[in-house]
Amino acid sequence: MAFAGIVNWMTVDHLWLLVGFFGQGLFASRFIIQWFKSEMVGRSVIPIAFWYCSLGGGIVLLAYAIYKLDPVFILGQAMGLVVYARNLYLIAREKRTPPALETEAPRA
């Protein structure tokens, strides 16, 4: 009986509302991840999971913003995605690039 009530209650708008809450939860989880990681190492750090949660949450929230046709929300999320994707690209590039050899200064 309860399941039938939920199915009858569930409209497209309700599904999108759930998508929006999921995206917001994913996006907000990045701060918890960053906080825990910083506490573990005893200094402020931004772990790679922060950027993945930013990107994933940003994508879901952008989809929700497009559904709501909210230009302010759309622009804000779209611009953020550029930053999150760029940071993930830079992290990946750094992992692929071998560290530079330190050159010894010429002696006088």
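**View 1. Helix 2 meets helix 3 in this predicted model.** Start with helix 2, which covers residues 12–41, and helix 3, which covers residues 48–68. Their axes come within 8 Å and cross at roughly 155°. Angles over 145° count as roughly antiparallel, and helix 2 and helix 3 are therefore roughly antiparallel to each other. The way helix 2 passes helix 3 is a left-handed crossing. Sort the residues of this contact by class and you get 17 nonpolar, 9 polar and 2 charged.

**View 2. Helix 3 packs with helix 4.** Now follow helix 3 over to helix 4, residues 71–96. Here the axes sit 9 Å apart, at an angle of about 155°. So this pair, helix 3 and helix 4, is roughly antiparallel too. Helix 3 passes helix 4 in a left-handed crossing.

**View 3. Inside the largest nonpolar core.** Eight residues make up this core: Phe27, Phe50, Trp51, Leu61, Leu62, Leu81, Tyr84 and Leu88. Helix 3 and helix 4 each chip in at least two of them, and helix 3 gives the most, with 4 residues. As a rule of thumb, nonpolar side chains in soluble globular proteins tend to be buried together.

**View 4. How sure is the predictor about helix 1 and helix 3?** Confidence is lowest in helix 1, residues 2–9, with a mean pLDDT of 71, and highest in helix 3, at 97. Across the protein chain the average is 90, and 87% of the residues score at least 70. Where pLDDT is low, don't read the predicted coordinates in detail.

Definitions and conventions. Residues numbered from 1 in each chain as written. Predicted model: local features only at pLDDT ≥ 70, side-chain atom pairs only at ≥ 80, totals over all residues. Heavy atoms only, no water. Axes fitted to C-alpha atoms, helices over the stretch in contact; angles between N-to-C directions. Helix = DSSP H or I, 4+ residues; strand = E, 2+ residues; numbered from the N terminus. Parallel < 35°, antiparallel > 145°, perpendicular 65-115°, else oblique. Left-handed = near helix turned anticlockwise from the far one by under 90°. Nonpolar A, V, L, I, M, F, W, Y, C, P; charged D, E, K, R; others polar. pLDDT = per-residue confidence, 0-100. Core = buried A, V, L, I, M, F, W, Y, C linked by side-chain atoms within 4.5 Å. Buried < 20%, exposed > 50% of the residue type's maximum accessible area, 1.4 Å probe, protein only.
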